[in-house]
Amino acid sequence: ADARFAKPLDNELVLRLASNHEVLISIEDGSIGGFSAQVSEYLNKEGLIGNNLKFQTMFLPDFFIDHETPENQYNIAKLNSEHIVQKVLKVLGYNMSFEKSKLA
């Protein structure tokens, strides 16, 4: 799902996603306290995290990243496609490294 803005949180969408998925991973190009925090707070308030739902967040680290290409900045921040796949596999219980050659 693509959340175009953090507030107001689309509670209906988050509830529908939480009800129909085993894992939710929020990925944002902002720092902690943004959209992921809003989703986490809502899921906790509704008692949705734990039993049948795993929730993880991915966001920019809390340190300065020098001006670079977006690709290099996301590599430094560990928010590129390989890092996202690794996070998904880990949350699903797989202990695998992502290799581009496996997908080619």
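These legends accompany five close-up views of a predicted model.

**View 1. Glu28 and its neighbours.**
Let us start with Glu28, which sits in the loop between β1 (23-27) and α2 (35-45). With a relative accessibility of 14%, Glu28 counts as buried, because the cut-off for that class is under 20%. A polar atom of the Glu28 side chain lies 3.2 Å from the backbone nitrogen of Phe35. Beyond the residues up to four places away in sequence, Glu28 touches Gly34, Phe35, Ser36, Met58, Phe59, Leu60 and Leu79. Phe59 deserves a second look here: 31 residues separate Glu28 from Phe59 in sequence, yet their C-alpha atoms are 5.0 Å apart in space.

**View 2. Asn80 and its polar partners.**
The next stop is Asn80, a residue of the loop between α3 and α4. Asn80 is buried, at a relative accessible area of 11%. Its side chain takes part in a polar contact of 2.6 Å with the side chain of His83. A polar atom of the Asn80 side chain also lies 3.1 Å from the backbone nitrogen of Glu82. Leaving aside residues up to four places away in sequence, Asn80 touches Tyr74 and Asn75.

**View 3. Lys78 and its backbone.**
Here the focus moves to Lys78, found in the loop between α3 (70-77) and α4 (81-91). Most residues other than glycine have a negative phi. Lys78 is not a glycine, but its phi is positive, at about 60°. Is Lys78 buried or exposed? Its relative accessible area is 53%, so Lys78 is exposed, the cut-off for that class being over 50%.

**View 4. The salt bridges.**
How many salt bridges does a search of the whole structure find? The search finds 2. In one of them, Glu12 pairs with Arg16, and the closest N and O atoms are 3.7 Å apart. Glu12 and Arg16 are 4 residues apart in helix α1 (residues 11-20), so about one helical turn separates them. Glu12 is exposed, with a relative accessible area of 60%, whereas Arg16 counts as partly exposed at 44% relative accessibility. Another salt bridge joins Lys54 to Glu22, with 3.5 Å between the closest N and O atoms. This pair links distant parts of the chain, with Lys54 in strand β2 (residues 54-58) and Glu22, 32 residues apart from it, in the loop between α1 and β1. Both ends of this bridge are partly exposed: Lys54 has a relative accessibility of 37%, and Glu22 has 44%.

**View 5. The largest pocket and its lining.**
We finish with the largest pocket, which holds about 590 Å³ of space. Its lining is made up of 25 residues, and those nearest the centre are Ala1, Ala3, Leu17, Ile25 and Phe35. Phe35 will be familiar from the first view, where its backbone nitrogen lies 3.2 Å from a polar atom of the Glu28 side chain. Which elements each supply at least two residues of the lining? They are α1, β1, α2 and α4. Of the contributors, β1 gives the most, with 5 residues. By residue class, the lining of the largest pocket divides into 18 nonpolar, 5 charged and 2 polar residues.

Terms used:
Residues are numbered from 1 along each chain as its sequence is written. This is a predicted model: local features need pLDDT of at least 70, side-chain atom pairs count only at pLDDT 80 or more; totals for chains, interfaces and linings use all residues. Side-chain values use heavy atoms; hydrogens and water are left out. Buried means under 20% relative accessible area, exposed over 50%, partly exposed in between (1.4 Å probe, protein chains only). Contact means heavy atoms within 4.5 Å. A polar contact is a pair of N or O atoms within 3.5 Å; within protein, one must be able to donate a hydrogen and the other to accept it, and residues adjacent in sequence count only if both atoms are side-chain atoms. A salt bridge is a side-chain nitrogen of Lys or Arg within 4 Å of a carboxyl oxygen of Asp or Glu. On a 1 Å grid over the protein atoms alone, a cavity is a set of points where a 1.4 Å probe fits but cannot get out, and a pocket is an open set with protein on both sides within 12 Å along at least five of seven lines; lining residues have an atom within 4 Å of a point. Grid points are joined across faces, edges and corners, and a volume is the space filled by probe spheres set on the points. Ala, Val, Leu, Ile, Met, Phe, Trp, Tyr, Cys and Pro count as nonpolar, Asp, Glu, Lys and Arg as charged, and the others, Gly among them, as polar.
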